[in-house]
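Me: Please take a close look at one part of this structure. Pick a single residue, then work outward to the whole chain.

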Amino acid sequence: QVQLVESGGGLVQAGGSLRLSCAASGRTSSNYAMAWFRQAPGKEREFVAAISWTGLSTVYSGSVKGRFTISRNNAQKTGNLEMNRLEPEDTALYSCAASFRTSVASTPRADPSEYAYWGQGTQVTVSS
């Protein structure tokens with residue numbers, strides 16, 4: 001089993017920045033992709049960004065590309081999401097996810113069904 005714990009959420013004004021972190025523990029000896037998803041009240045879960053095991057491959061949703069940056073530190077077993085130029089539309093519960101599927105670990109995907117492990121989430125609220 002793998003446990004994921006997010007941190008770094010909070011309240012920020014529009015135009016501001018936040019850095020989210022995801023700490024992994026448990027069975028993390030195998031290669032895995034990490035991803036961030038978000039869900040706003042009354043809306044479906046939405047893909048944000050994903051990163052391969054090596055960090056060489058990343059993918060972003062169109063709504064955050066150019067504003068958010070995903071990264072990871074395998075030695076520390078952490079993943080990060082740097083969020084800049086935040087907008088009220090970014091308000092949501094942000095969750096990190098991990099996939100140990102070999103294909104996903106090398107080429108990260110936006111499909112949530114590819115990720116078997118999920119954290120509880122951290123709330124991000126952007127005021128206008």
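Reply:
**Val59 and its surroundings**

Val59 is partly exposed, with a relative accessible area of 27%. That value is not under 20%, so Val59 does not count as buried. The model is predicted.

Start with the local setting. Val59 sits in strand E6, which covers residues 58–60. Leaving out residues up to four places away in sequence, Val59 touches Phe47, Val48, Ala49, Ala50 and Pro108. Strand E5 spans 46–51. Thr107 is 48 residues from Val59 along the chain, yet the C-alpha atoms of the two are separated by 8.9 Å.

Now follow those contacts inward. Val48, a contact of Val59, belongs to the largest nonpolar core. That core has 28 residues. Val48 is among those with the most contacts inside it, along with Leu4, Trp36, Phe68, Leu81, Met83 and Tyr94. Eight strands give two or more residues to this core: E1 (2–7), E3 (18–26), E4 (33–39), E5 (46–51), E7 (68–73), E8 (78–83), E9 (92–99) and E11 (122–127). Another core lies apart from it, with eight residues. Phe47 and Ala50 are among them, as are Ala33 and Phe37. Val59 touches Phe47 and Ala50 too. In soluble globular proteins, nonpolar side chains tend to be buried together.

Tyr94 gives a view from inside the larger set. Not counting residues up to four places away in sequence, Tyr94 touches Val48, as well as Glu6, Leu20, Trp36, Phe37, Arg38, Phe68, Leu81, Met83, Gly121, Thr122 and Val124. Val48 is thus a contact of both Val59 and Tyr94.

Next, the whole chain. The secondary structure comes to one helix and eleven strands. In sequence order the pattern reads β-β-β-β-β-β-β-β-β-α-β-β. Among contacts with a separation of 6 or more, 59% join residues 24 or more positions apart. Buried residues make up 43% of the 128 residues.

Size comes last, with surface and charge. A compact globule of 128 residues would have a radius of gyration near 14 Å, and the chain's 14 Å agrees. The C-alpha trace spans about 40 × 25 × 25 Å along its principal axes. The accessible surface is about 6,400 Å², with 48% belonging to carbon and sulfur atoms. There are 12 positive and 9 negative side chains. The centres of these two sets lie 8 Å apart.

Conventions:
Residues are numbered from 1 along each chain as its sequence is written. This is a predicted model: local features need pLDDT of at least 70, side-chain atom pairs count only at pLDDT 80 or more; totals for chains, interfaces and linings use all residues. Side-chain values use heavy atoms; hydrogens and water are left out. Helices (H or I, at least four residues) and strands (E, at least two) are DSSP runs, numbered from the N terminus. The radius of gyration is taken over C-alpha atoms; the globule rule is 2.2 Å times the number of residues to the power 0.38. Buried means under 20% relative accessible area, exposed over 50%, partly exposed in between (1.4 Å probe, protein chains only). Contact means heavy atoms within 4.5 Å. Accessible areas come from the Shrake-Rupley method with a 1.4 Å probe; for residues, only the protein chains shown count as cover. Lys and Arg count as positive and Asp and Glu as negative; His and the chain ends are not counted. The place of a charge is taken as NZ of Lys, CZ of Arg, CG of Asp or CD of Glu. A nonpolar core is a set of buried Ala, Val, Leu, Ile, Met, Phe, Trp, Tyr and Cys residues joined through side-chain atoms within 4.5 Å.
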